[in-house]
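Open the model in your viewer with the whole chain displayed as a cartoon. The stops below say what to select next and what is there.

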Amino acid sequence: MTAHQDHVPTSGDDLEHGVEEGWGKVADAFRANFDDPGEVGAACSVYAGGRLVANLWGGLADRETNRPWSDSTIVQVASATKGATAICAHLLAQRGELDLDAPVTRYWPEFGANGKEDIKVRWLLSHQAGLPLVDGPLTFEQACAWHPVIRALEAQKPLWRPGTEHIYHAVTYGFLVGELVRRISGRSLGTFFAEEVAAPLGLSAWIGLPEEHEERVARLHYADAFSVEEFLAGLITATGLDADTVTAWVQSMWTPGSIQMRAGELGGALDNTSGDYMLTRAWRASEFPAANMIADAHSLARMYAATVSDVDGFRLLDPATVERMSVVQTDKTRMYGLPPGLDLPADRSFYLSLGFWRASPMAPMLGPGSFGHPGAGGSIALGDPDAGVGFCYVTNLWNFRPDDPRASNLVKAVRTCLDRG
């Protein structure tokens with residue numbers, strides 16, 4: 001395991017093995033993850049008070065070629081992309097260019113077709129718009145081209161009365177919020193992010209990867225398959241819910257043909273039975289602002305740090321914006337598609353504010369003020385305004401078990417270091 005020491009405002013013996021004094025528990029947890037449960041390659045970074053206090057990486061960027069993970073390795077972070085997309089929207093709101101309570105049609109008139117004229121901006125950000133899928137059919141090439149998806153969303157009828165229920169908009173979230181940003185700024189979401197977030201902070205993070213960075217991308221590997229019984233047991237452990245509740249939830253949400261499964265297919269454009277499209281240049285070059293950011297851990301930790309503190313004299317979001325965007329929304333509505341009578345508390349299932357997962361018993365993060373977004377496979381990035389911390393963990397060994405302990409091990413280590421400080 002090696003450690004990146006660039007941009008760390010300290011000198012001499014204060015920095016050892018990629019961590020400042022007092023942050024060694026993070027390095028210990030990172031190292032332990034390679035033994036149990038196991039890693040191929042991974043990285044973890046922590047900012048505290050605007051300073052980089054831990055920046056670690058190790059393992060292999062590509063197990064097939066034995067390419068080591070280095071300080072320049074970048075990797076797909078899946079739905080952790082959604083947090084960056086939400087930050088772009090809240091930047092516009094902070095500048096007075098986007099009203100979260102306005103109808104989407106104020107900025108995107110064509111969106112109002114087929115019963116969507118009264119959908120509020122905040123319902124796009126909180127997965128309450130009733131548009132988790134498009135009927136399609138769409139091809140992968142059409143999805144990569146952006147505008148065919150936008151036309152399909154304009155024509156789509158909501159699955160429920162918007163604002164009254166919620167379900168995870170796995171892929172459409174990025175197109176919905178991204179088109180809002182494009183209509184207001186005149187720039188695609190990827191370009192807006194590059195110019196307004198990545199450039200000022202010097203990030204290695206892209207939504208739409210330039211070809212010259214292809215050789216830096218870590219190859220994705222997948223953890224061993226597991227049974228339905230193991231999945232249920234893991235979800236019971238992660239949520240603290242009883243077995244009957246979890247079983248009914250899974251049967252309604254994650255069976256073939258269910259709304260949640262179809263949400264990941266984008267009208268047939270994405271084949272999630274294999275995920276091979278994620279290995280293509282076409283996928284990495286396109287903009288899927290819900291799912292295809294490619295970045296390193298240092299960059300996303302730095303980004304979230306700049307939402308809760310100054311980082312080298314620059315701050316993305318002011319405290320009032322962070323407070324506004326962090327108010328939980330999904331505790332006010334029911335999850336769409338649940339069987340009648342099934343009680344599924346939001347803080348044990350889908351605890352979201354305006355674009356971010358919030359700390360909950362299911363995912364305590366660093367404290368009650370934490371906000372961020374996980375990604376399929378195990379990555380997560382988050383900020384904590386109370387601790388002034390930006391954190392990110394990324395991996396190329398994608399594990400879909402709900403009780404995957406790698407990220408939580410690292411977050412617990414950060415919490416331990418903060419408590420001792």
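Start in the loop between strand 5 (51-62) and strand 6 (67-68), and select Asn-66, which lies there. Keep in mind throughout that this is a predicted model. Phi of Asn-66 is near 65 degrees, a positive value in a residue that is not glycine. Asn-66 counts as exposed, because its relative accessible area is 53%, and the cut-off for exposed is over 50%.

Select Asn-114 next, in the loop between helix 2 and helix 3. Asn-114 is another residue other than glycine with a positive phi, here about 60 degrees. Its relative accessibility is 43%, so Asn-114 counts as partly exposed. As background for both stops, most residues other than glycine have a negative phi.

**The whole chain**

Zoom out to the full chain. The secondary structure comes to 14 helices and 17 strands. Along the principal axes, the C-alpha atoms fill a box of roughly 65 × 50 × 40 Å. The radius of gyration is 20 Å, which agrees with the value near 22 Å that a compact globule of 421 residues would have. Buried residues account for 59% of the 421 residues. Of the contacts between residues at least 6 apart in sequence, 68% join residues at least 24 apart.

**Helix 1 and helix 14**

Select residues 24-38, which form helix 1, and add helix 14, residues 406-420. Their axes come within 9 Å and cross at roughly 160 degrees. Helix 1 and helix 14 are therefore roughly antiparallel to each other, the cut-off for that term being over 145 degrees. The crossing of helix 1 past helix 14 is right-handed.

Show side chains at the contact. From helix 1 come Lys-25, Val-26, Ala-29, Phe-30, Asn-33, Pro-37 and Gly-38; these meet Arg-406, Asn-409, Leu-410, Ala-413, Val-414, Thr-416, Cys-417 and Arg-420 of helix 14. The residues of this contact between helix 1 and helix 14 divide into eight nonpolar, four polar and three charged.

Stay on helix 1 and pick Pro-37, which is placed in this helix. The peptide bond from Asp-36 to Pro-37 is cis, with omega near 15 degrees. Ala-32 is also in helix 1. Ala-32 has a relative accessible area of 36%, so it is partly exposed. Draw a distance from Ala-32 to Tyr-393: the C-alpha atoms are 14 Å apart, with the two positions 361 residues apart in sequence numbering.

For a second cis bond, move to Pro-137 in the loop between helix 3 (121-125) and helix 4 (140-144). The cis peptide bond here joins Gly-136 and Pro-137, and omega is about 5 degrees. As background, most peptide bonds are trans.

**Helix 2 and helix 6**

Select residues 81-94 for helix 2 and 172-185 for helix 6; the two pack at an angle of about 30 degrees, with their axes 10 Å apart. That angle makes helix 2 roughly parallel to helix 6. Helix 2 passes helix 6 in a left-handed crossing. On the helix 2 side, Lys-82, Thr-85, Ala-86, Ala-89 and Leu-92 meet Tyr-173, Val-177, Val-181 and Ile-184 on the helix 6 side. The residues of this contact comprise seven nonpolar, one polar and one charged.

Now pick Arg-182, also placed in helix 6. Its relative accessibility is 26%, so Arg-182 counts as partly exposed. Leaving out residues up to four places away in sequence, Arg-182 touches Trp-146, His-147, Arg-187 and Ser-188. From Arg-182 to Gly-367 the C-alpha distance is 34 Å, and the two are 185 residues apart in sequence.

**Helix 7 and helix 12**

Select residues 189-201, helix 7, and residues 297-308, helix 12. How are these two helices oriented to each other? They pack at an angle of about 95 degrees, with axes 10 Å apart, and are therefore roughly perpendicular. Phe-193, Val-197 and Leu-201 of helix 7 make the contact with Arg-302, Met-303 and Ala-306 of helix 12. Five of the residues in this contact are nonpolar, none is polar and one is charged.

**Last stop**

Finish at Ser-326, in the loop between helix 13 (319-325) and strand 12 (334-335). Is Ser-326 buried or exposed? At 9% relative accessibility, Ser-326 counts as buried. Apart from neighbours within four places in sequence, Ser-326 is in contact with Ser-353, Arg-358 and Phe-371.

Definitions and conventions:
Residues numbered from 1 in each chain as written. Predicted model: local features only at pLDDT ≥ 70, side-chain atom pairs only at ≥ 80, totals over all residues. Heavy atoms only, no water. Axes fitted to C-alpha atoms, helices over the stretch in contact; angles between N-to-C directions. Helix = DSSP H or I, 4+ residues; strand = E, 2+ residues; numbered from the N terminus. Parallel < 35°, antiparallel > 145°, perpendicular 65-115°, else oblique. Left-handed = near helix turned anticlockwise from the far one by under 90°. Contact = heavy atoms within 4.5 Å. Nonpolar A, V, L, I, M, F, W, Y, C, P; charged D, E, K, R; others polar. Rg over C-alpha atoms; globule rule 2.2 N^0.38 Å. Buried < 20%, exposed > 50% of the residue type's maximum accessible area, 1.4 Å probe, protein only.
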